Amino acid sequence: MTRERIDYTDVLLPYKNMQSSGTALLPKSVYEQNKVSMLAMNFRGPYRIRVDRNKPEPKIEHPYDAIVRVTRSLICGSDLHLYHGLVPDTRIGTTFGHEFTGVVVEVGSGVQKLKVGDHVLVPFNIACGTCPFCSQELYGNCHESNPEATAVGGFFGYAHISGGYDGGQAEYVRVPYADVSPMVIPEGLDIEDAVLLTDVVPTGYQAAEMAGIRKGDTVVVFGAGPVGIMAARCAWLFGAGRVIIIDRLEYRLEFAKQYSYCEAYNFTEMDDPVLFLKKQTDWLGADVCIDAVGCEASGSALQTITGKKLLLQAGAATALHWAINSVKKGGIVSVVGVYGPPFNLVPLGSALNKGITMRGNQASVKRLLPRLIDHVMAGRLNPKGLITHRVPLEEVSDAYHLFSAKLDNCIKPLLIPPKANAA
Amino acid sequence: MATKTEKEQAPMGDRNIADMPKDYIPGWGIDADPENDPTYPMKKWNGADHERLNYPKAPQQDTDVEILKSIERPVVTRVFGSTVPPSGLSGMLRRKAFKYSEGTSAHWMGLILADRINMVEGLIDDLSKGYIPNFFKEWGWPAEWKYNRKKFVQKAAIGTAVTLAAIWLLKKSAKKSR
């Protein structure tokens, strides 16, 4: 089933070069007369984004594609790594956004499960469902959705090293392999909870799951961003005996304390966070440590200069460094913080000498969704409680700056496109 | 445990490597335990890893735009994004970078360099189309003005002072050289 489409080839032809250079700028009159274009976030360089009204609408490019009209989208902490220019192959003209919900408006000839009109939540992973990794439920590691890299699967709206797909901070999105990951939002599930189930909740949950938490364990979470806060909350679901969260921003620590029922400490008030944590854990170290910070960590001048200023390593690995040093011998370090692909300075000698296990992965959203929806419906998790700002898509550049500069006590900004509530 | 039963239930294509008899090796697999896989229980082990590339694949997506492919892959994936194909000088650098594997600095640093050049290309492209970017808005400064006005004013004052000082120094050195 397909929606009625008009052939705009002739209209678009004069603008073909503009599109290939990434600007996708059409005169307003073309947009108004032909309605071929849509509102979309447009990356123009580090710390520079705008919203364009004239990005061509996506089209079906493969029989397994669907086109979705976005109803809600979020800005992820990992979008900030793109925004700050830290991720290689982030091309000018890309539309970000890998956390979104939407209504199906068109499906390809091979799509069997989804139909026009379905309101779906779209996991950030693009997964084929049949490669060796998908078939073993590692949907975040699909081998058939990203030609540009082998280490990472396909994601919506990330750098081209994640497949070159546009994202959900727009009015419409092309959703490949539509029958595999997207899920019709169950009745009774709030749309704001649904959009957070596309990444934040599964990533936080999987961080706790990978940590192999045993009942009574002391869990330390580095980073009180949305994922860290969710990881701390989920640690209890696995039976943690004590949950500690570490960050530098007081408002986030206060939020985490309330939301995740955990202890919260500010590392800027400590001489040495590792020593502090050793003292807090009877000098043995935490049973598990979770790195929910990634490549933009603060707290070490050496890491900041080499990782964030000079780009001699893939961002600052301060949190991972602390995690390896703070965990007990034989403990587990779970990594969900995003790092760039080249390499980072981490104490591998300590990891070896302490016999620790390090686990990390992109969340396998599809695998986790049934369990997580159950948790949300039963009131055990409250994802939408993380949303602090609801912003029209037209003001996306303000929303990015707000989130990036941590203004107005921002935890998680939600973007609402103008056509979100269209019939 | 996993699992012959799971293996038998796994979708079968041209998959026969994992089922090859290895009985001639004494004790082969006797201590195998899928639960000892560090990715367990996140990975539902079904033996597909050992079947290599013999898995059911989607039809190949067609395209008329240039897609750069990792040299660690034999062919392009069945589905891919076709947005913002490489172009200009940055495109040349990206093509060059993709001649190196993902394990090399040449690949990643080449892409970072291309990104920085692409930023300038984007600006030139905008201007050549008669579009003057609104930097104030693109940097999100309305939010800074709204929520962090004191710092915004402070930054603006410092910026203005530095600019005026630079202009004054330039004028002074120009006078001297005359």
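**Exercise 1. Contact range and overall make-up of chain A**

Task: For chain A of this predicted model, determine what share of the contacts between residues at least 6 apart in sequence joins residues at least 24 apart.

Solution. Step 1: Take the contacts in chain A between residues at least 6 apart in sequence; 70% of these join residues at least 24 apart. Step 2: Add the secondary structure, which amounts to 14 helices and 17 strands in chain A. Step 3: Add the burial; chain A has 423 residues, of which 65% count as buried.

**Exercise 2. The environment of H6(A)**

Task: Establish how many residues of H6(A) are buried, and which elements of chain A they pack against.

Solution. Step 1: List the buried residues of H6(A); among them are Val200(A), Pro202(A), Tyr205(A), Gln206(A), Glu209(A) and Met210(A). Step 2: Count them; 11 of the 11 residues are buried, so H6(A) is largely enclosed by the rest of the structure. Step 3: Identify the packing partners. The helices are H5 (191-196), H7 (226-237) and H13 (365-377), and the strands are S13 (286-291), S14 (327-335) and S15 (357-360), of chain A. Step 4: Inspect what comes after the helix; Gly212(A) follows H6(A) and has a positive phi, near 55°.

**Exercise 3. Phe124(A) in its loop**

Task: Decide whether Phe124(A) is buried or exposed, and state which residues it touches beyond four places away in sequence.

Solution. Step 1: Locate the residue; Phe124(A) sits in the loop between strand S5 (119-122) and strand S6 (125-126) of chain A. Step 2: Apply the cut-off for burial, under 20% relative accessible area. Phe124(A) has a relative accessible area of 3% and is therefore buried. Step 3: Collect the contacts, leaving out residues up to four places away in sequence: Phe124(A) touches His98(A), Gly154(A), Phe155(A), Phe156(A), Thr198(A), Asp199(A), Thr203(A), Gln362(A), Ala363(A) and Val365(A). Step 4: Compare sequence and space for one pair; Phe124(A) and Tyr158(A) are 34 residues apart along the chain, and their C-alpha atoms are separated by 9.8 Å.

**Exercise 4. A buried lysine**

Task: Find which side chain is joined to that of Lys55(A) by a polar contact of 3.0 Å.

Solution. Step 1: Place Lys55(A) in strand S2 of chain A. Step 2: Assess its burial; because its relative accessibility is 11%, Lys55(A) counts as buried. Step 3: Name the partner; the side chain of Lys55(A) makes the 3.0 Å polar contact with that of Asp166(A).

**Exercise 5. The interface of chain A and chain B**

Task: Describe the interface by asking how many residues take part, what area is buried and which polar interactions cross it.

Solution. Step 1: Count the residues; 70 of chain A are in contact with 69 of chain B. Step 2: State the area; the two chains bury about 5900 Å² between them, with 54% of it on carbon and sulfur atoms. Arg48(A), Gln136(A) and Pro147(A) supply 12% of the area that chain A buries against chain B, more than any other three residues. Step 3: Tally the interactions across the interface, which are 5 salt bridges and 40 residue pairs in polar contact. Step 4: Assign the chain A side to elements; H2 (16-20), S1 (37-45), S2 (48-56), H6 (200-210) and H14 (396-404) each supply at least two residues, and H14(A) gives the most, with 4 residues. Step 5: Classify that side by residue type, giving 31 nonpolar, 23 polar and 16 charged. Step 6: Examine one salt bridge, in which the side chains of Arg50(A) and Glu138(B) meet at 3.0 Å, N to O.

Conventions: Residues are numbered from 1 along each chain as its sequence is written. Chains are lettered from A and ligands numbered from 1 in the order in which they are written. This is a predicted model: local features need pLDDT of at least 70, side-chain atom pairs count only at pLDDT 80 or more; totals for chains, interfaces and linings use all residues. Side-chain values use heavy atoms; hydrogens and water are left out. Contact means heavy atoms within 4.5 Å. Buried area is the accessible area (1.4 Å probe) that two parts lose on being put together, summed over both. A salt bridge is a side-chain nitrogen of Lys or Arg within 4 Å of a carboxyl oxygen of Asp or Glu. A polar contact is a pair of N or O atoms within 3.5 Å; within protein, one must be able to donate a hydrogen and the other to accept it, and residues adjacent in sequence count only if both atoms are side-chain atoms. Ala, Val, Leu, Ile, Met, Phe, Trp, Tyr, Cys and Pro count as nonpolar, Asp, Glu, Lys and Arg as charged, and the others, Gly among them, as polar. Buried means under 20% relative accessible area, exposed over 50%, partly exposed in between (1.4 Å probe, protein chains only).
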